[in-house]
Amino acid sequence: MKTAILMTHSPFQTEEGREGLELALALATYEQTVALFFFNEGVLQLKNNHIASDLSPKNYTATFKALGLYDVEEVYVLEDSLADYQLQNTDLIVDANVLAHDDFFQKLNTCQRQLKF
Amino acid sequence: MSTFLLFITSPPSSQAALSAIKFAHAAISNHHQISAVFFYGDGVNNANALQAPPSDETNIPHEWQSIALKHNTQLLVCSAAAQRKGVLTPSEADYHGLQGHNLAAPFEIAGLGEYVQLQTQVTQVVQF
């Protein structure tokens, strides 16, 4: 059984991003297969070099780099959303699979559990 | 018959929080089982006992209370989220040196590990 964590919010405006990441890591800790899906504003969470020190005591987005240590290999980003923010794969903090619309949602459809943040 | 785990991330002020209660009633009356409800993120505020809405509006903790007692549904509240957002048991309030506690009965504090275990046991997880 695979769990999808859908990330749709920008990183620091709300707490959803951090909560989604914490749940993803908890699932991985208990050896559940997890895939993360970033689209709409959610892609901003993966932008590298966030300078968040003036906003929040903790920049949780650095923790995305730990996903590999938890054996979370599946990180998908919607190509159109990246383009909306003029970002490219090289601007991202992790090695993610940037997918076109149909491929992105096809991957999502392989997940039996889907939780949106 | 399906078994459901409800995953509540919406605050009590949202329509989604009310929809979750309606969904639970509908599922139960159609002979499905709501094994547990897990409250995470802003959803933990649904377990705040110190809510006093006008009498013609829904009292969310009371609604969950009645579902839990009648249908043996576990009400689990994420520990980390509850502490961040100020939903405390007497022992947690004591530990943090705070005056009040407000976790409604029979909501229980739980870890994300319990959510993970539950989601492997049920037919469906539905998020509100």
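In this predicted model, the axes of helix α1 (residues 15-29) of chain B and helix α2 (residues 60-71) of chain B come within 10 Å of each other and cross at roughly 20°. Because angles under 35 degrees count as roughly parallel, that crossing makes α1(B) roughly parallel to α2(B). The crossing in which α1(B) passes α2(B) is left-handed. On the side of α1(B), the contact is made by B:Ala17, B:Leu18, B:Ala20, B:Ile21, B:Ala24, B:His25 and B:Ile28, while α2(B) contributes B:Ile60, B:Glu63, B:Trp64, B:Ile67 and B:His71. By character, the residues of this contact divide into nine nonpolar, two polar and one charged.

B:Trp64, one of the residues of that contact, also appears in the largest nonpolar core, which has 70 residues and in which A:Ile5, A:Leu23, A:Leu36, A:Phe64, B:Phe38 and B:Trp64 have the most contacts. Helix α1 (residues 16-29) of chain A gives the most to this core, with seven residues. If residues up to four places away in sequence are not counted, A:Ile5 touches A:Gly20, A:Leu23, A:Ala24, A:Leu27, A:Val34, A:Ala35, A:Leu36, A:Phe37, A:Leu115 and A:Phe117. A second, separate core of 11 residues includes A:Phe37, together with A:Ala4, A:Leu6 and A:Leu99.

Elsewhere in chain B, helix α3 (residues 79-85) holds B:Ala81. B:Ala81 has a relative accessible area of 5% and is therefore buried, since buried means under 20%. Leaving aside neighbours within four places in sequence, B:Ala81 is in contact with B:Gly41 and B:Val44, whereas the C-alpha atoms of B:Ala81 and B:Thr58, 23 residues apart along the chain, are separated by 23 Å.

How values were computed
Residues are numbered from 1 along each chain as its sequence is written. Chains are lettered from A and ligands numbered from 1 in the order in which they are written. This is a predicted model: local features need pLDDT of at least 70, side-chain atom pairs count only at pLDDT 80 or more; totals for chains, interfaces and linings use all residues. Side-chain values use heavy atoms; hydrogens and water are left out. A nonpolar core is a set of buried Ala, Val, Leu, Ile, Met, Phe, Trp, Tyr and Cys residues joined through side-chain atoms within 4.5 Å. Buried means under 20% relative accessible area, exposed over 50%, partly exposed in between (1.4 Å probe, protein chains only). Helices (H or I, at least four residues) and strands (E, at least two) are DSSP runs, numbered from the N terminus. Contact means heavy atoms within 4.5 Å. Axes are lines fitted to C-alpha atoms, for helices over the stretch in contact, and angles run from 0 to 180 degrees between N-to-C directions. Angles under 35 degrees count as roughly parallel, over 145 as roughly antiparallel, 65 to 115 as roughly perpendicular and the rest as oblique. A crossing is left-handed if the near helix is turned anticlockwise from the far one by less than a right angle, and right-handed if clockwise. Ala, Val, Leu, Ile, Met, Phe, Trp, Tyr, Cys and Pro count as nonpolar, Asp, Glu, Lys and Arg as charged, and the others, Gly among them, as polar.
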